[in-house]
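Please work through the following exercises with the sequence and the structure open beside you. Each exercise sets a task and then gives a solution that goes step by step.

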Amino acid sequence: MVRPRILFIDAYDSFSNNIVSLLTTTLGVDVDVLPIDPPHLDPKSAGFKDALRKQVRPYHAVVCGPGPGAPDVDKDVGIMRHIWDLGERDLVPVLGICLGFQSLAVSCGAVVKRLRTGLHGMIREIDHLSAEADRNVFAGVPTFKATLYHSLHADVGQESVPAAEWPTAKWASPPLLPDIVPLAWTYENRGDMVERILMGVRHRTKPFWGLQYHPESICTESTGHQVITNWFREAMAWNSATGRELESVSRDASGVEGLEAPHMPVDVKASSDGSSPRLRDDAALASSSLGERYLSQSLDVPLHIEVPDVVEILQDGKSEFIVLDSTSAKIRRSDIDVRGRYSIIALDVDEALKLEYRTGERHITTRSPSASSAAQGVVGEVKLDPGQTIWQFLSDFWTERKISSHETPEPFIGGFMGYTTYELGLEGINVELHEERRHSRPDLCFAWVTRSIVIDHLEGTLRIQTLSSLVSEPEDWKWLESTADKLVRSAIWSNALPANFFGRVHAGDHQITPPHTPTSGHITPKIAVPEAPEYDAKVRACQDFIAAGDSYELCLTDQTLITRPRSRFEGSLQPQPHDDKSGSPSSWQLYRALRTRQPAPFGSYLRLGGATLVGSSPERFLAVDGAGGLCSMRPMKGTVRKSPAVSTLEAAERLLHVPKEEAENLMIVDLVRHDLHVVCGPGNVAVPHLLKVEEYASVFTMISVVEGRLPKAGGDGEREVTGLDVLAASLPPGSMTGAPKKRSCEILQGLERPRGRERSLYSGVVGYMDAAGRGDWSVTIRSLFRWDDENFSSSSSPDVGAGVEVGEMEMEMETWRIGAGGAVTALSTPEGETDEMFTKLKGPLGLFENA
């Protein structure tokens with residue numbers, strides 16, 4: 001028996017794939033997706049009506065989905081508004097959801113108005129007509145609650161009905177709108193009045209139905225899914241009763257122009273030998289690190305040894321670093337936070353292959369180590385194939401170097417490590433940057449790391465490891481042994497004394513050096529923080545967009561700039577001498593200070609691709625299990641700082657389990673479900689933990705856990721779907737954008753200029769995907785970063801600022817950036833959001849305020 005087919009019209013919403021999953025799993029149908037503005041369906045073209053009829057003819061039903069904007073704005077609804085105008089012979093059963101519902105209501109003569117306050121992420125009980133009635137899709141459905149995501153509502157004259165008449169009048173067609181038959185309502189107490197909000201309708205004569213609430217939301221009770229089942233039964237009955245004949249079209253060919261795959265944005269078709277043609281053309285790149293196997297040697301770690309100690313022993317003098325440091329973990333803690341069990345140190349990053357990509361360009365820059373240690377590395381360029389994305393290229397590269405996860409230990413054995421910027425994510429959702437970029441920085445920089453160290457904070461062990469070829473294996477075994485020997489023979493390893501790099505430790509001097517912290521000097525950094533009134537105004541502007549229906553939630557951010565002299569000791573991992581009071585602390589010292597000041601499960605220190613990142617992120621973005629293909633995302637929204645008044649988890653839960661905070665988190669949970677459905681497919685995404693409050697070093701935060709499972713390769717030349725595909729489909733992180741993601745990012749670009757012209761590393765991700773397919777990525781927040789190309793000479797710049805005293809001496813200056821912000825909703829207050837932004841800024845900024 002041929003499965004029924006539904007056409008889903010997507011208005012660029014961030015919940016669309018959740019609806020596709022609901023339809024697929026609940027109804028047992030195939031769903032094709034069509035955007036509201038496909039090029040071949042231009043309402044202004046001469047043959048539009050015929051083309052639209054042809055488009056819908058192969059389908060048993062159509063669903064007009066939710067999205068940003070208003071139903072009376074053509075660009076917001078596109079072809080959706082023309083579905084309702086199909087002639088009697090071309091009618092097709094249609095269900096409108098949220099924006100689709102409002103579009104149906106407007107087509108019947110209703111007026112759409114603003115609610116007093118938007119109801120995004122709010123959960124309300126649905127008052128529906130449960131009795132058997134003509135084409136009532138709510139018939140027999142028990143009482144249920146549903147999630148609302150709207151700030152506009154359909155006005156059908158409901159407020160003019162006297163209270164005494166409401167119980168019966170609410171189910172009757174409004175006198176002036178005979179085609180609207182109300183089926184469901186909800187009510188919002190505004191203090192001085194109760195808003196009556198239409199939740200469900202059907203058309204009096206045509207096979208059209210509409211739902212204002214979101215049936216696909218994780219917080220809509222499953223009882224309400226019966227409404228979807230009832231609707232499709234009514235749709236099929238209408239097709240049968242009217243003798244509507246469907247045009248038979250091949251499913252494999254999609255049959256109709258302009259369709260998008262409902263859950264696979266990446267091209268999974270491999271070339272004949274499984275690799276990218278361009279990758280094969282570059283012989284050196286194509287052969288790099290092929291045929292390697294895993295070697296390792298383990299040590300027990302002394303209790304006093306921490307991650308920076310290991311880096312200092314092994315990597316001092318290097319120029320590039322990748323350190324993923326679970327600073328909230330301590331060796332052999334019985335109550336260890338599983339989010340921070342492991343720390344990973346990339347070794348010899350200078351000698352690793354680096355791949356760089358810049359948004360909008362059609363090539364990848366490769367940086368390979370030179371055969372001569374005295375020479376600079378080799379820089380190359382590989383063009384992407386037509387239609388190929390950077391993610392497809394990376395997946396092809398990874399696939400040829402894959403090592404079975406069953407034979408290797410968690411969490412990392414070697415492979416890709418690096419960062420992406422926020423702007424790389426914008427490219428993936430087709431959001432163009434408003435301004436010309438005035439730099440050549442990479443938006444993605446991944447190193448293929450072959451030598452590394454993993455510290456297991458739970459077991460108190462350290463694993464030295466390498467990916468080794470058959471030819472290099474004897475030398476690699478020697479390297480493992482020599483590295484282990486260098487660690488255990490170091491002074492700090494054996495007796496807790498710091499290494500004597502600056503002659504500060506002498507025989508008989510047993511004073512232990514504390515974690516390196518910046519030392520005070522007479523040169524004061526110039527700090528430019530956001531202006532509170534300006535940020536308040538941006539919050540109000542966000543709320544105007546939300547009230548107009550353009551977004552459900554906007555994650556507004558701003559940047560603080562710190563200009564200071566570059567450290568004379570930048571490049572060294574050791575502290576500057578005690579008698580040096582004139583220089584700035586190095587980036588390594590800043591990292592040491594931040595990890596002590598603000599420990600977090602996803603701390604980081606990177607010097608890579610011209611960027612330096614000092615990170616203290618509490619938020620895991622995406623984790624991927626290599627063996628089973630399990631993908632896990634942990635959206636984090638809702639934070640309260642620890643204080644005497646909020647010192648326990650119970651106290652934090654009382655503050656965070658309120659509608660505003662839960663709505664912020666719920667909106668991102670539903671968005672993340674949508675992102676995972678893109679790759680994992682319908683029915684393969686679950687939420688094992690929802691709205692859970694967790695404790696961190698200085699704050700309590702509400703998190704949720706969303707999980708999906710990668711599909712297996714389907715054969716016929718399809719390449720393996722990897723964690724890189726999930727990462728590509730999920731950027732930029734939804735917790736840093738709002739929803740719907742595309743429209744929200746477009747709005748935020750306008751609001752965050754000029755200071756926040758680019759978020760850059762802030763709001764991007766940092767992490768790894770190893771050769772066994774395991775990955776772990778964190779969101780770059782609570783962090784500070786700088787770019788080498790922003791350095792300048794103080795003598796040549798008159799704009800150093802009164803706060804920086806340079807005298808007659810020429811100094812090289814550098815600019816650090818700290819991003820901070822929060823999610824703005826209809827329930828936000830400008831004062832509250834501004835306070836939250838400054839609270840998040842406080843931790844990283846304190847490094848410079850105390851310098």
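**Exercise 1. Locate F144 in this predicted model, decide whether F144 is buried or exposed, and find which residues it is in contact with beyond its neighbours within four places in sequence.**

Step 1. Begin with the secondary structure, where F144 turns out to lie in strand β7.

Step 2. Next take the accessibility: residues under 20% relative accessible area count as buried, and because F144 has a relative accessible area of 1%, F144 is buried.

Step 3. Then list the contacts, leaving aside the neighbours within four places in sequence; the residues that remain are R124, E125, I126, H128, F138, Y213, E221, T223, G224 and V227.

Step 4. Finally, compare sequence with space for one pair: F144 and H225 are 81 residues apart in sequence, while their C-alpha atoms are 9.8 Å apart in space.

**Exercise 2. Describe helix α7 by its length, and state which of its residues are buried and what covers them.**

Step 1. Helix α7 runs over residues 225-242, which makes 18 residues, and the distance from its first C-alpha to its last is 26 Å, close to the 26 Å expected at 1.5 Å a residue.

Step 2. The buried residues of α7 are V227, I228, N230, W231, F232, A235, W238 and N239, and V227 also appears among the contacts of F144.

Step 3. The cover over these buried residues includes the helix α1 (16-27) and the strands β1 (5-10), β3 (61-64), β4 (94-97), β7 (144-148) and β11 (208-211).

Step 4. Just after α7 comes G243, which takes a positive phi of about 70°.

**Exercise 3. Work out how strand β9 is paired, and explain why it is largely enclosed by the rest of the structure.**

Step 1. Strand β9 covers residues 180-189, and because eight of its 10 residues are buried, β9 is largely enclosed by the rest of the structure.

Step 2. On one pairing, strand β6 (residues 122-128) is antiparallel to β9 over two bridges, and here H128 has A184 in β9 as its bridge partner.

Step 3. On another pairing, β9 is joined to strand β10 (residues 194-203) by nine bridges, again in the antiparallel sense, with W185 standing opposite L198 in β10.

Step 4. Look last at the connection between β9 and β10, which form a hairpin with four residues between them; in the turn, G191 has a positive phi of about 90°.

**Exercise 4. Find which backbone features at D348, N430, P411 and P740 deserve a second look.**

Step 1. Recall the general background, namely that most residues other than glycine have a negative phi, and that most peptide bonds are trans.

Step 2. D348 is not a glycine, yet it has a positive phi of about 55°; D348 is found in the loop between β14 (342-346) and β15 (353-357) and counts as buried at 16% relative accessibility.

Step 3. N430, also not a glycine, has a positive phi of about 60°; N430 sits in the loop between α12 (422-428) and β19 (444-449), and at 61% relative accessibility it counts as exposed.

Step 4. Turning to the peptide bonds, E410 and P411 are joined by a cis bond with omega about -5°, and P411 has its place in the loop between α11 (390-399) and β18 (415-420).

Step 5. A cis peptide bond also joins A739 and P740, with omega about -10°, and P740 lies in the loop between β31 (738-739) and α20 (741-752).

**Exercise 5. State how many cavities of 30 Å³ or more are counted, and describe the lining of the largest cavity.**

Step 1. The count comes to seven cavities of 30 Å³ or more, and the largest cavity has a volume of about 200 Å³.

Step 2. The lining of the largest cavity consists of 21 residues, and those nearest its centre are K637, M736, R782, G821 and K840.

Step 3. Sorted by kind, the lining residues of the largest cavity divide into eight nonpolar, seven polar and six charged.

Step 4. Sorted by element, at least two lining residues each come from β23 (553-565), β28 (636-641), β36 (812-824) and α21 (830-849), and the largest share, five residues, comes from β36.

How values were computed. Residues numbered from 1 in each chain as written. Predicted model: local features only at pLDDT ≥ 70, side-chain atom pairs only at ≥ 80, totals over all residues. Heavy atoms only, no water. 1 Å grid on protein atoms, 1.4 Å probe; cavity = no way out; pocket = protein on both sides within 12 Å on 5 of 7 lines; lining within 4 Å. Points joined across faces, edges and corners; volume = space filled by probe spheres on them. Nonpolar A, V, L, I, M, F, W, Y, C, P; charged D, E, K, R; others polar. Expected span 1.5 Å × (residues − 1). Buried < 20%, exposed > 50% of the residue type's maximum accessible area, 1.4 Å probe, protein only. Contact = heavy atoms within 4.5 Å. Pairing = 2+ DSSP bridges.
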